[in-house]
Each structure stands twice: as C-alpha cells, then as structure tokens.
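Let's walk through this structure together, one region at a time. Keep the sequence and the 3D view open as you read.

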Amino acid sequence: MKPLRPCRHGAPLLLALSLALLGSVGPADPAAAALTPNGKLQIVHMFVGQGDGAVIMSPLGQVVFVDDGTNASSNCNNKTVPAVNALGLTHADYHFASHYHSDHIDCFSKVDAIVHFDQVWDRGGSYSTANYTAYVTAAGARRRTMAIGQVFTLDSLSAHPVRITCVNYTNSGSDENSKSVVLRINYGNFSTVMGGDLQGSSGGSGVDNETPYAPGVDTVMFYKVHHHGSKWSTNNTWLDLIAPKAAVISVGANTYPHPTQSALTRLHNHGVKTYWTDRGGTSGLDFATPDPLWDKIAYGHVTITAGWAGGDTAWISGGTGGGAFRDPYIIPGAAPVVAVDDAVGRPRALRVLGNPVSASARFAVGVVGSPVSELAIYSVDGRQVRRVFHGVLPQGEQLLTWDGRDQSGARVESGVYFARFVSRDRAENVKLLVLR
C-alpha cells in the first residue's frame, strides 16, 4: 500500500490497493484541531448549538457528515462554519440527513460550500418547510434515497473497513422526529449508533420507534442520545437492548428543556456515562443537572477515536483547560480473525472452487460468529466490480456463486480479479483468474 499523502480536499488521494494486499468554535479551540487520517476511526460530534452535526473520518481518510446543525441564533455562521473550517475539511464522500427538522439540516448549503459532498443521502419523501426546500435545492442531483439495511463501506479495500448501516426508518405518520434514520457504525469490534431525534414514547405527537428498532441495532459501545435528551427519547427498552457504555448528548441553549432529567436518569440507571457538547437548557428552566460522577460537558466538540480490535481502547475526549477530558473505554470481544491461516489448522474464510474460471465462479465461505456477511469482486486497481452477496448466512461453510458479470450485468473481460469475503469478525481475499 502506498503511504497516505496530504490532499487539499482533506482526504487522502485514491489509493491503488491490491487486496493481498472527523459561545463559538474557532481555530484556537484545541477541540477543533484539523482532522486528518491517523489509522483510527474518528467521530467528531460538533459544537453546533441546539442541533446535531457529526463528522466521521475513516482510518484512511474518507469523510461522512451526519447532519450539520441549525441556523437559529446565527449558529451556522458562529458555530458550524468555523468548526468545519477549523477541522480543515474541503471534501466529503457522503452527507446523511437523519430527518428534516431545521436543527439538523439548516446549515447544509453553507457546509456544502466548504467541503462539497459527493453524495447526499436521506430517507426520501418530502416535508413542507422552507428549510427542507433549501436542503433539497442545494442537494440537487446528488440526492439519493437510502434503503433500510443498506450498508455504506468506507475503506472498502482495507482489512478493517468501516461500515455504516441504515438500520431502520419510516415515512409514515405526522411526527418528523419519529421518522429519523437510525445509523449503526461498525469498525471491527467497535460500534456506535446515531438516530437523530428518534422517539421512544408515544406521548405527545410522537410514536415509539426506539422499542421496535432496538433489536436491529443490537448492542453498541456508544450512543448519540436521541432528540438531545428529550423526555420522549431514550426509553428503558432501548437502553436494555443496545447496552451502551457511554453516550454523547448534542445540545445547546434551548427552552424545551433539553436534556431532561428523566432521560438522564434512565441513562444513569443503565450505567451509561454521558458527554455533552454544551450545558443545554436556559438558566431558570427545569433542565437536567449534570452529575460530575456520570456527566461531562465539553463546551465544544466531543470526539471519539477508536481502534478496531477487541481489547483496543476507544477514547472520548473534549473540553479545554481544567475541564478537558480524555476517557478510555475498552473495546469488547476478542480480536477479529483476519487472513486466517490454513497452516495452523483453522478453516479459511474464503476458497474459490476451480481457478481459473471461464464463466461463473463458485466460492466456499466460512461463517463463524456474526452471520452478516459480504462477498464482492474487485479489479486489481481496487475498483469494486460486483457485490455478489450481502446479508445473513448460516454458520459453517456455505457456497456462493458469481456469474462473471459486473454491476451493470456485462460480462467481465479476461484478467486477474480479487474476491473478498468479510463479516464482522473476519476478512479474507483470494486471487481469481478469469479466462474467456
């Protein structure tokens, strides 16, 4: 692999990989230091006021935004734009909108003018507000509708890619918060979940989507608290099933009040420590009182930095001066198996049955641990030719077939290709020779 080189777009240049192969925030704030690839997964929950805005940077430098804050109190110009500039980002692969409320999509066009998003993804549908119309207009032809179960893979040719899965959403009902897209981020054994302003109670105008969505999320290390800690969010069933170790609350001055003591109490009762981007609430109103044993306030970005293997450390950091924190959390599980070795008696994750091939190719794949698996074909320059399979497979050895065609259905030319099989706990590649 060639070494990463700086790029004026804030992400590394394309790598030729063979499969053998991120008040107001300003540049002076250390929490807003430039975000560069460092071989770890980095997630920055930005200090955007009373809204959501997060940046994900993969170990090799691909960039994803999830929401981008609100223009209330001029927060776009005073918080979000300075934060993005300080992070040094001028290009992003994806923008995901959790839902269409203004405190999540208001700053889209201003951020897009700085970083330029290649693709803009949301749940589709429509919403009758000027903020939504401005977002859709700015997104233009780049706008795409994500499917439930769709997986976005960052560093796809790496032995340790990052996967962002659209777990669930709905376009039904009248409550926009309840329609929020739920995204699970996996990097080896590390995991976190973001669900916008998802509701966990049928009180008010909301619908409880936390309870039915939680089984699909499964357990995670970290959780971006829904709806800024609203009393309608973060119900006990949700916390029972996802069992996070820590949670981030993206919040600013507000009159709702957010975060609420009821949501915070549920988090504490489940042993979850919390990290807030700001104090929240407004002086004199009944908003949650942070407990110094459980809760820390950054008054700036909250940044997560994570390795991929069980036993590695994930760090949550933020704050300045005497209020700075950098807390360690051990990533659970044994180290994932990568490039398993026949010589020591372990079954291979991937075998090609007959090589070279002239038409279709058959593969034996070994499923151990996580049943969610993927088989894909790549060219020697690292381009994905065809995703053969993505879904759930039974345990043990299974047979999969590639018909020798690319994603458009055309027969591939003769040459060398690579097949890659990955699941949550293992990954392996084999060289494949196609002779027509």
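In this predicted model, the largest cavity is lined by H45, D52, G53, A54, V66, D67, S98, M194, G195, G196, K224 and S250. The space inside the largest cavity comes to about 80 Å³. If you sort its lining by character, you will find three nonpolar, six polar and three charged residues. Two strands, β2 (53–57) and β3 (63–68), each supply at least two residues of this lining.

Now turn to the second largest cavity, which holds about 60 Å³ of space. Its lining is made by T153, S156, P161, R163, E374, L375, A376, Y378, R420 and V422. Here five of the lining residues are nonpolar, two are polar and three are charged. Strands β21 (372–379) and β24 (415–423) each give at least two residues to this lining, and β21 has the largest share, with four.

From the cavities, let's move to the nonpolar cores. In soluble globular proteins, nonpolar side chains tend to be buried together. The largest nonpolar core in this model has 38 residues, and those with the most contacts inside it are I56, F96, M146, I164, F190, F222 and I316. A second core, separate from that one, has 26 residues, including V55, A97, V111 and A139.

A139 also leads us to a helix. Which residues of helix α4 are buried? In α4 (residues 130–139), they are Y132, Y135 and A139. Looking down the axis of α4, you will see these buried residues fall within an arc of 60°, so they line one face of the helix. An α-helix has 3.6 residues a turn, so residues three or four places apart point the same way. On the other side of α4, A130 and T137 are exposed. The buried residues of α4 pack against β4 (92–96), α2 (102–105), α3 (108–115), β5 (117–122) and β6 (143–145). Just after α4 comes G140, with a positive phi of about 55°.

Helix α7 (residues 261–269) is another good place to stop, with A263, L264, R266, L267 and H268 as its buried residues. They pack against β11 (222–224), α6 (236–242), β12 (246–249), β13 (273–276) and β14 (295–297). After α7 comes G271, whose phi is positive, near 75°.

Some details of the backbone are worth a look too. Most residues other than glycine have a negative phi, and most peptide bonds are trans. A243, in the loop between α6 and β12, has a positive phi of about 45° although it is not a glycine. Y299, in the loop between β14 and β15 (302–306), also has a positive phi, near 50°. How accessible are these two? A243 is partly exposed, at 40% relative accessibility, and Y299 is partly exposed with a relative accessible area of 48%.

There are cis peptide bonds to find as well. One joins H258 and P259, with omega about -10°, and P259 lies in the loop between β12 and α7. Another runs from N355 to P356, with omega near 10°; P356 sits in the loop between β19 (350–353) and β20 (361–367).

Our last stop is S174, in the loop between β8 (162–168) and β9 (182–187). Its relative accessibility is 70%, so S174 counts as exposed. S174 and G206 are 32 residues apart along the chain, and their C-alpha atoms are separated by 8.3 Å.

Technical notes:
Residues are numbered from 1 along each chain as its sequence is written. Side-chain values use heavy atoms; hydrogens and water are left out. On a 1 Å grid over the protein atoms alone, a cavity is a set of points where a 1.4 Å probe fits but cannot get out, and a pocket is an open set with protein on both sides within 12 Å along at least five of seven lines; lining residues have an atom within 4 Å of a point. Grid points are joined across faces, edges and corners, and a volume is the space filled by probe spheres set on the points. Ala, Val, Leu, Ile, Met, Phe, Trp, Tyr, Cys and Pro count as nonpolar, Asp, Glu, Lys and Arg as charged, and the others, Gly among them, as polar. A nonpolar core is a set of buried Ala, Val, Leu, Ile, Met, Phe, Trp, Tyr and Cys residues joined through side-chain atoms within 4.5 Å. Buried means under 20% relative accessible area, exposed over 50%, partly exposed in between (1.4 Å probe, protein chains only). The arc is that of the directions from the helix axis to the C-beta atoms. Contact means heavy atoms within 4.5 Å.
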